[in-house]
Amino acid sequence: MYLFGTRHTPDYNSGLYGEHGAAAVDLKARLGTVLLGLAVIQLALAAWMYGRLPGPGPAPRPVRLGHRVLGFLLFLFSLPIAYHCLVTYGIETSSPRVAVHSFTGCAFYGAFVAKVLVVRSRRLPGVLLPVVGSLLVLGVALLWYTAALWALDGDVAPGFTTVGPV
């Protein structure tokens with residue numbers, strides 16, 4: 001992703017589901033907010049599976065299946081947002097916020113691959129899975145904080161002309 005993002009010529013007219021400019025930014029911010037909410041649910045399901053939630057007792061089998069299905073859906077749900085960011089903006093370092101967002105976006109998919117590898121491995125320490133899963137949730141939160149929160153806060157005017165990922 002990083003190599004593509006640094007070598008790709010940004011297309012600031014690129015759209016997301018038919019939306020362009022400020023409307024695409026707003027849509028991406030709302031989708032990112034949904035993604036953050038789903039990540040928090042994913043974290044709660046993982047905490048339940050690991051017996052870290054006070055009260056509900058051991059997680060029944062459907063919780064594990066729900067966690068796995070929700071994780072897959074989260075990954076799929078993130079792809080259009082990431083695609084739009086990469087095609088429209090590429091990797092940018094025009095400000096600290098934009099740079100953090102760009103690098104976190106690249107690292108997020110690397111962390112996802114790492115989590116899948118950790119889940120499939122029987123040789124790695126058991127503590128590694130919750131650590132990598134938590135890093136994924138933190139990545140979603142950081143991506144949201146450096147883009148969606150900024151956009152939903154109103155810093156992007158209706159006449160959107162700024163450069164940099166949102």
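In this predicted model, helix α4 covers residues 96-120, and its 25 residues, counted at 1.5 Å each, should span 36 Å; the C-alpha atoms at its two ends are indeed 36 Å apart, so the expected and computed values agree. A number of residues along α4 are buried, among them V98, A99, H101, S102, T104 and G105. The buried set of this helix also includes C106, F108, Y109, A111, K115 and V118.

The same check can be applied to helix α3, which runs over residues 61-88. For its 28 residues a span of 40 Å should result at 1.5 Å a residue, and the end C-alpha atoms lie 42 Å apart, which agrees. Helix α3 nevertheless bends by about 30° at L79, and a proline, P80, follows within four residues. Just after the end of α3, G90 takes a positive phi of about 70°.

The aromatic side chains were examined next. A search of the whole structure finds 4 aromatic pairs. One of these is formed by Y12 and Y89, whose ring centres are 6.1 Å apart and whose planes stand at 50° to each other, an arrangement classed as tilted. Because Y12 lies in the loop between α1 (2-7) and α2, whereas Y89 lies in the loop between α3 and α4, this pair ties together parts that are 77 residues apart in sequence. With regard to accessibility, Y12 is partly exposed, with a relative accessible area of 41%, while Y89 is buried, with a relative accessible area of 3%. The rings of F75 and F112 have their centres 4.4 Å apart and their planes at 15°, and the pair is therefore stacked. Since F75 belongs to helix α3 and F112 to helix α4, the contact ties together parts that are 37 residues apart in sequence. F75 has a relative accessibility of 21% and so counts as partly exposed, the range called buried being under 20%. F75 and F112 also belong to one aromatic cluster, together with F108 and Y109, and both F108 and Y109 are among the buried residues of α4. A further contact with an aromatic ring involves a charge: the charged end of R97 sits over the ring of W150, at 3.9 Å from the centre of that ring.

As for the cysteines, a search of the whole structure finds 0 disulfides. The sulfur of C85 has its closest cysteine sulfur in C106, 10 Å away, which is too far for a bond, because a disulfide requires the two sulfur atoms to be within 2.5 Å. Both residues are nevertheless in the buried class, C85 with a relative accessible area of 13% and C106 with one of 17%.

Finally, a search of the whole structure finds 1 salt bridge. This salt bridge joins R30 to D26, and the closest N and O atoms of the two side chains are 2.9 Å apart, which places the contact inside the 4 Å limit for a salt bridge. R30 and D26 both lie in helix α2 (residues 21-49), where they are 4 residues apart, or about one turn of the helix. Neither partner is classed as buried: R30, at 49% relative accessibility, counts as partly exposed, and D26 is likewise partly exposed, with a relative accessible area of 30%.

Note on methods: Residues numbered from 1 in each chain as written. Predicted model: local features only at pLDDT ≥ 70, side-chain atom pairs only at ≥ 80, totals over all residues. Heavy atoms only, no water. Buried < 20%, exposed > 50% of the residue type's maximum accessible area, 1.4 Å probe, protein only. Expected span 1.5 Å × (residues − 1). Bend = angle between axes of the 7 residues up to and from the residue. Phe/Tyr/Trp six-rings, centres within 6.5 Å; stacked < 30°, edge-to-face > 60°. Lys NZ or Arg CZ within 6 Å of the ring centre and 35° of its normal.
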